[in-house]
Amino acid sequence: MSLRIDFVEKEAGGTGNDTPALPSAAASAVTLTNSRRNSRWSYNAKSASSSREPSMDRGSANRWWRASMAESMVSSAYPFMNRSMEGIKTSHKFISQELDLRRMTLVLILCFFTSGLIDSVAFNSWNCFVGMQTGMVHISIFEPLSIGVFRY
Amino acid sequence: MYLLIGNTVFVALGATGQPKASHFHQYFKSLVSIGCFCLGTLFFNCLHRIPTGFFVNGPPSSRRRWILMGSFIIQAAMILTSGVLIHLDRVSNLPFVAGTFSSGTDAREKAAINDKKAVAAANYYDLTPVALLAFQAAGQVAMSRVMGVIELPTIVLSTLYHDFTADLWGLPEVWQRSSSAKNFFSEGLRRQGKRLASIIALFLGGIVGGQIYKSSLGMAGAIWLAACIKGGIAASFFWWKEDNLEESILPR
């Protein structure tokens with residue numbers, strides 16, 4: 001046990017001698033394993049993980065594990081989920097676009113047509129305007145037919 | 001006779017019982033129309049101001065895709081609802097008879113009215129389609145305001161006639177400024193052309209509505225056509241081009 005620790009320490013020191021910046025993760029792994037002398041497997045696991053992910057403490061490792069597990073579950077068990085999340089993002093972007101004004105006049109003229117359509121029939125049936133709050137044009141459509149020529 | 005008379009004047013006269021020939025509750029329709037138009041204005045302006053906030057002098061109101069589509073879907077749904085009411089004879093859908101509140105629906109009443117022997121009983125459900133149609137009419141005006149096309153308020157024609165006619169005085173200057181006759185007609189007269197096209201569109205709408213009313217389709221047919229147009233506009237907003245906000249900076 002102590003031999004192994006010495007070997008690791010020596011290895012870490014050797015790399016430190018070669019390179020000016022000592023990898024701090026290897027040193028922290030060594031101190032961790034020194035505090036736990038009785039567990040060999042934990043020592044091996046710590047050193048292996050520290051060599052792979054140098055700047056990972058326990059909390060971030062938990063988070064990373066959960067995220068990777070969730071990712072693998074999503075990609076394996078729910079193959080549509082990733083794609084649908086992307087779809088929700090893109091469709092949210094799509095429906096939030098500001099629309100071009102260049103052809104909107106056509107829409108407005110169609111609205112004029114629609115309000116003429118609705119108002120004429122509404123006035124014909126109910127004698128009341130529903131769109132035009134000041135009625136003008138429908139009069140010229142309906143009234144000259146009903147008023148006599150020699151009224152005045 | 002009704003020239004230049006709007007709903008406000010209908011209400012003002014009706015409150016004093018003035019048009020002696022009309023039903024004494026006839027002005028309720030005009031009152032409901034004005035009230036629901038105002039409510040619809042509140043609603044649709046709220047819809048258009050959700051992304052930018054409700055500031056008086058704040059950023060311009062939004063014309064986002066979901067807002068415009070939602071606005072037109074709501075308008076089409078309201079027209080459809082009143083169309084269903086008319087189609088199912090829940091409200092009166094026959095030509096207006098002077099002195100009555102509602103002109104009646106079914107065949108017996110139709111025959112009676114044609115014989116001029118009886119009049120239909122007052123059906124106060126007539127106020128429902130009036131309310132719905134007046135509410136949805138506010139959506140158009142809100143949209144025209146949001147789009148910054150101040151010269152085309154889709155339902156008020158007094159200002160439109162005024163602006164079109166008053167701008168005729170500006171024609172000589174536009175003629176002098178434009179480089180060619182083609183430029184004069186394509187650029188200088190664009191605003192006037194829009195106004196004229198709107199007036200003609202509304203006039204054509206009235207004529208088409210009147211013809212459909214007279215035909216076997218009846219009143220519901222015109223309402224279905226209007227709902228189809230509104231739904232078509234809502235669908236067309238799905239494929240509408242996105243605005244490049246850096247390029248188009250329009251006065252509001």
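This report describes the helices, the nonpolar cores and one surface patch of a two-chain structure, which is a predicted model.

**The two chains**

Chain A contains seven helices and zero strands, and chain B contains ten helices and, again, zero strands. The table sets out the values for each chain.

| Chain | Residues | Buried | Accessible surface | Surface from carbon and sulfur |
|---|---|---|---|---|
| Chain A | 152 residues | 34% of residues | about 9,800 Å² | 62% of the surface |
| Chain B | 252 residues | 43% of residues | about 13,400 Å² | 66% of the surface |

The contacts within each chain can also be described by separation along the sequence. In chain A, 24% of the contacts between residues at least 6 apart in sequence join residues at least 24 apart. In chain B, residues 24 or more positions apart account for 64% of the contacts with a separation of 6 or more.

**The nonpolar cores**

The largest nonpolar core has 43 residues, and the residues with the most contacts inside it come from both chains: Met104(A), Val107(A) and Trp126(A), together with Phe72(B), Met143(B) and Phe237(B). Helix α6 of chain A (104-126) supplies at least two residues of this core, as does each of four helices of chain B, namely α3 (65-87), α5, α9 (190-214) and α10 (218-236). The greatest contribution comes from α6(A), which gives twelve residues. Val107(A) illustrates how the chains meet here, for, when its neighbours within four places in sequence are left aside, Val107(A) is in contact with Phe72(B), Met143(B), Ile233(B), Phe237(B) and Trp240(B). A second core, separate from the largest one, has eleven residues, among them Phe37(B), Ile67(B), Met78(B) and Ala137(B).

**Helices α5 and α2 of chain B**

Helix α5 of chain B covers residues 127-146, and 18 of its 20 residues are buried, so α5(B) is largely enclosed by the rest of the structure. At 1.5 Å a residue this helix should span 28 Å, and its end C-alpha atoms are 29 Å apart, which agrees.

Helix α2 of chain B, residues 27-49, can be examined in the same manner: its 23 residues should span 33 Å at 1.5 Å a residue, and its end C-alpha atoms are 33 Å apart, which agrees. The buried residues of α2(B) include the polar or charged side chains of Lys29(B), Ser30(B), Ser33(B), Asn45(B) and His48(B), and also Cys36(B), Phe37(B), Gly40(B), Phe44(B) and Leu47(B). The cover over these buried residues includes α6 of chain A, along with α1 (7-15), α3 and α5 of chain B.

Tyr27(B) belongs to helix α2 of chain B. Its C-alpha atom is separated by 5.0 Å from that of Gly14(B), although the two residues are 13 residues apart along the chain. Apart from its neighbours within four places in sequence, Tyr27(B) is in contact with Phe10(B), Val11(B), Gly14(B) and Ala15(B).

**A nonpolar patch on the surface**

Leu196(B), Ile200(B), Phe203(B), Leu204(B) and Ile207(B) make a nonpolar surface patch of about 400 Å². Of these residues, Leu204(B) lies in helix α9 of chain B, and Leu204(B) counts as partly exposed because its relative accessible area of 43% falls between the limits of 20% and 50%. As general background, an α-helix has 3.6 residues a turn, so residues three or four places apart point the same way. Helix α9 of chain B thus appears in two settings, since it supplies at least two residues of the largest core and also holds Leu204(B) of the patch.

Conventions. Residues are numbered from 1 along each chain as its sequence is written. Chains are lettered from A and ligands numbered from 1 in the order in which they are written. This is a predicted model: local features need pLDDT of at least 70, side-chain atom pairs count only at pLDDT 80 or more; totals for chains, interfaces and linings use all residues. Side-chain values use heavy atoms; hydrogens and water are left out. Buried means under 20% relative accessible area, exposed over 50%, partly exposed in between (1.4 Å probe, protein chains only). Contact means heavy atoms within 4.5 Å. Accessible areas come from the Shrake-Rupley method with a 1.4 Å probe; for residues, only the protein chains shown count as cover. The expected span of a helix is 1.5 Å times one less than its number of residues. A nonpolar core is a set of buried Ala, Val, Leu, Ile, Met, Phe, Trp, Tyr and Cys residues joined through side-chain atoms within 4.5 Å. Patches are made of residues with over 30% relative accessible area and no salt bridge: like charges are joined within 9 Å, nonpolar side chains (Val, Leu, Ile, Met, Phe, Trp, Tyr) within 5 Å. A salt bridge is a side-chain nitrogen of Lys or Arg within 4 Å of a carboxyl oxygen of Asp or Glu.
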